[in-house]
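Welcome, and thanks for joining this short tour. Please open your viewer, and keep the sequence panel within reach.

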Amino acid sequence: MVRLNVKRGDNALFLFDTMTDTPVGTVLDQLVEIYNGILRIGRLAREVEQLAEFGIAKPVEAVGLTDEQVTEMKIKDEWTPRCYPSGGSRPNRDDIGRRTGNAPLENMAEVLNKTCADAKKAVSKDLVAARQNLTLEMVNEEFEKIKGAVMIVYPMGLPPYDEVQHILHGSEDLGGREDGKAVIPPGDGQLWWAGKELSKEKKLADYVGKNEKTTIIAKLQKRGGGAPVREAAVDEQTQKEMMAYAYRKQEEWKKLEEADDDSYMNAGWADSNALKNRLQGTGTVGFGKLR
């Protein structure tokens with residue numbers, strides 16, 4: 001199988017294995033779905049970690065308000081009594097005011113946090129360094145694990161306005177958010193290799209040949225983003241080593257230039273008459289101290 005080292009810009013994303021006779025359009029759809037799935041896990045993990053620390057979200061109209069203000073404005077919270085964490089709760093005030101502050105007990109919070117940490121690690125770019133490929137099934141499995149952990153800690157569910165609930169059910173609104181800018185909408189992806197965009201109508205073999213053991217660096221791009229930056233001739237570490245070597249050589253040349261080129265003339269080995277003087281016994285002659 002041909003292996004794609006998928007990047008976006010200079011950032012490594014994941015390794016993906018496929019066959020050379022696969023249409024580029026099919027490969028691209030799979031890559032976009034995996035990439036967006038990784039982003040979704042990141043967003044879900046971030047919100048679930050907040051859920052573990054501060055409990056469920058406040059009603060939209062109560063966000064940012066203190067408990068006193070909520071009472072004064074007579075804002076009703078009908079979901080907090082329903083969506084109680086398993087085993088009880090512990091108070092932990094959310095200074096931002098997004099969540100109720102009725103956090104799960106520490107053992108339940110640990111379930112959420114550990115599941116999120118494991119999921120992020122399972123789809124991280126560290127897999128590239130470890131030469132492990134990533135599949136859509138693996139991404140979906142990690143998503144379901146987080147979903148299962150939420151159901152364990154909150155068996156009665158979450159409020160419909162909680163961001164965790166939106167992400168789990170695919171109803172989150174990413175419009176105008178930084179998170180939304182990173183997402184590649186289905187059908188808007190482009191795949192680049194060797195400085196050119198790969199046509200969706202062709203097969204990978206039309207570009208990389210039929211050798212199934214080939215590894216290429218493929219750039220994933222959003223349509224309209226222009227051509228991605230080409231890969232450097234050498235990696236960052238090699239470039240640093242080359243610069244360090246060039247600096248050391250430059251310093252050595254400076255030292256040579258600063259040295260006295262004629263200083264060696266005073267050395268004994270540079271005396272052309274040294275051998276003759278030694279044979280005649282007229283080498284270095286010392287004189288006693290004059291009285």
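Leaving aside its neighbours within four places in sequence, which residues is Phe54 in contact with? Keep that in mind while you get your bearings; a few selections will lead us there.

**The whole chain**

Begin with everything shown. This is a predicted model. The protein chain has 291 residues, of which 35% count as buried. Colour by secondary structure, and you can look for 10 helices and 7 strands. Among contacts with a separation of 6 or more, 71% are made by residues 24 or more positions apart. Now switch on the surface: the protein chain exposes about 18700 Å², and carbon and sulfur atoms supply 52% of that area.

**Along helix H1**

Next, select residues 24-54, which make up helix H1. From its first C-alpha to its last, this helix of 31 residues reaches 45 Å, close to the 45 Å expected at 1.5 Å a residue.

Stop at Asn36, a residue within H1. Is Asn36 buried or exposed? Its relative accessibility is 16%, so Asn36 counts as buried, the cut-off being under 20%. Show Val183 and Ile184 as well: Asn36 is in contact with both, leaving aside its neighbours within four places in sequence.

**Phe54 and its partners**

Now move along to Phe54, also found in helix H1. Phe54 has a relative accessible area of 10%, so this residue is buried too. Here is the reply to the opening question: beyond its neighbours within four places in sequence, Phe54 is in contact with Asn92, Arg93, Asp94, Arg99, Thr100, Gly101, Asn102 and Ala103. Pick Gly101 from that group and draw a distance to Phe54, C-alpha to C-alpha. The two are 47 residues apart in sequence, yet 4.5 Å apart in space.

Step on to Gly55, which follows H1 and has a positive phi, near 85°.

**The cavity**

For the last stop, select Ile56, Thr80, Cys83, Tyr84, Pro85, Thr100, Asn102 and Tyr154, the residues that line the largest cavity. Thr100 and Asn102 may look familiar, as both are among the contacts of Phe54. How many cavities of 30 Å³ or more are there? The count comes to 1. About 30 Å³ of space lies in the largest cavity. Try colouring its lining by residue type: you should find 5 nonpolar residues, 3 polar ones and no charged ones.

How values were computed:
Residues are numbered from 1 along each chain as its sequence is written. This is a predicted model: local features need pLDDT of at least 70, side-chain atom pairs count only at pLDDT 80 or more; totals for chains, interfaces and linings use all residues. Side-chain values use heavy atoms; hydrogens and water are left out. Helices (H or I, at least four residues) and strands (E, at least two) are DSSP runs, numbered from the N terminus. The expected span of a helix is 1.5 Å times one less than its number of residues. Buried means under 20% relative accessible area, exposed over 50%, partly exposed in between (1.4 Å probe, protein chains only). Contact means heavy atoms within 4.5 Å. Accessible areas come from the Shrake-Rupley method with a 1.4 Å probe; for residues, only the protein chains shown count as cover. On a 1 Å grid over the protein atoms alone, a cavity is a set of points where a 1.4 Å probe fits but cannot get out, and a pocket is an open set with protein on both sides within 12 Å along at least five of seven lines; lining residues have an atom within 4 Å of a point. Grid points are joined across faces, edges and corners, and a volume is the space filled by probe spheres set on the points. Ala, Val, Leu, Ile, Met, Phe, Trp, Tyr, Cys and Pro count as nonpolar, Asp, Glu, Lys and Arg as charged, and the others, Gly among them, as polar.
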